[in-house]
Amino acid sequence: MMMNCPACGKEMKAGKIAYAPQAGIHFLPPGVQHLPRVVTKWGIKKQGGIVLDGPSNLGLLESDGTLPAYLCQQCRKIIVEY
């Protein structure tokens, strides 16, 4: 399914959001089924993914763990800023 950005009208990239407690949250492109066994920022980017938050280095927090987001309960879509 193709989706255009509600802000600029350009075509949005399809994919999925992946999360693991110590690995953070990532956008993965189509075809990537899961996160690698050892999650690093480089490993996510190598798969064509985008690191949204994490993974942390040596267990130290790099952020407060939140991302700005906008929810439409009517159409069941969330737009996340990273």
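# Exercises on a predicted model

Ala69 has a relative accessibility of 44% and therefore counts as partly exposed; the classes are buried (under 20% relative accessible area), exposed (over 50%) and partly exposed (in between), with a 1.4 Å probe and protein chains only. The model is predicted, so local features need pLDDT of at least 70 and side-chain atom pairs count only at pLDDT 80 or more, while totals for chains, interfaces and linings use all residues. Residues are numbered from 1 along each chain as its sequence is written, and side-chain values use heavy atoms, with hydrogens and water left out.

**Exercise 1. State the order of the secondary structure elements in the protein.**

Step 1. Count the elements: the protein has five strands and one helix. Helices (H or I, at least four residues) and strands (E, at least two) are DSSP runs, numbered from the N terminus.

Step 2. Read from the N terminus: the order is β-β-α-β-β-β.

**Exercise 2. Place Ala69 and Tyr70 and list what each one touches.**

Step 1. Strand S4 holds Ala69. Tyr70 is also in S4, which covers residues 69-72.

Step 2. Find the contacts, meaning heavy atoms within 4.5 Å. Not counting residues up to four places away in sequence, Ala69 touches Ile78, Ile79 and Val80. With neighbours within four places left aside, Tyr70 is in contact with Lys77, Ile78, Ile79 and Glu81.

Step 3. Check the C-alpha distances. Ala69 and Val80 are eleven residues apart in sequence and 4.2 Å apart in space. For Tyr70 and Glu81, a sequence separation of eleven residues goes with 8.6 Å.

**Exercise 3. Describe Arg76: where is it, and is it buried or exposed?**

Step 1. Arg76 sits in the loop between S4 and S5.

Step 2. Its relative accessibility is 75%, so Arg76 counts as exposed.

Step 3. Look at the backbone: phi of Arg76 is near 60 degrees, a positive value in a residue other than glycine.

**Exercise 4. Compare the settings of Met1 and Asn4.**

Step 1. Met1 belongs to the segment before S1, and Asn4 is placed in the segment before S1 as well.

Step 2. Met1 counts as exposed because its relative accessibility is 87%. Asn4, at 39%, counts as partly exposed.

Step 3. Met1 and Ala14 lie 13 residues apart in sequence, with 8.0 Å between their C-alpha atoms. Beyond its neighbours within four places in sequence, Asn4 is in contact with Gly9, Lys10, Glu11 and Met12.

**Exercise 5. Name the residues of the largest nonpolar core, and follow one of them outward.**

Step 1. Apply the rule: a nonpolar core is a set of buried Ala, Val, Leu, Ile, Met, Phe, Trp, Tyr and Cys residues joined through side-chain atoms within 4.5 Å.

Step 2. The largest core has eight residues: Ala18, Ala23, Leu28, Val32, Leu35, Val39, Ile44 and Val51.

Step 3. Take Ala18. Apart from neighbours within four places in sequence, Ala18 is in contact with Gly24, Ile25, His26, Leu28 and Leu35.

Step 4. Set this against the whole chain: of the 82 residues of the protein, 21% count as buried.

**Exercise 6. Characterise the largest pocket by its volume and lining.**

Step 1. Define the pocket. On a 1 Å grid over the protein atoms alone, where a 1.4 Å probe fits, a pocket is an open set of points with protein on both sides within 12 Å along at least five of seven lines; lining residues have an atom within 4 Å of a point.

Step 2. The largest pocket holds about 710 Å³ of space. Its lining has 18 residues, and the closest to the centre are Met12, Lys13, Phe27, Ile78 and Ile79. The volume is the space filled by probe spheres set on the points, which are joined across faces, edges and corners.

Step 3. Assign the lining to strands. S1 (16-20), S3 (50-53) and S5 (77-80) each supply at least two lining residues. S5 gives the largest share, four residues.

Step 4. Sort by type: the lining has 14 nonpolar, one polar and three charged residues. Here Ala, Val, Leu, Ile, Met, Phe, Trp, Tyr, Cys and Pro count as nonpolar, Asp, Glu, Lys and Arg as charged, and the others, Gly among them, as polar.
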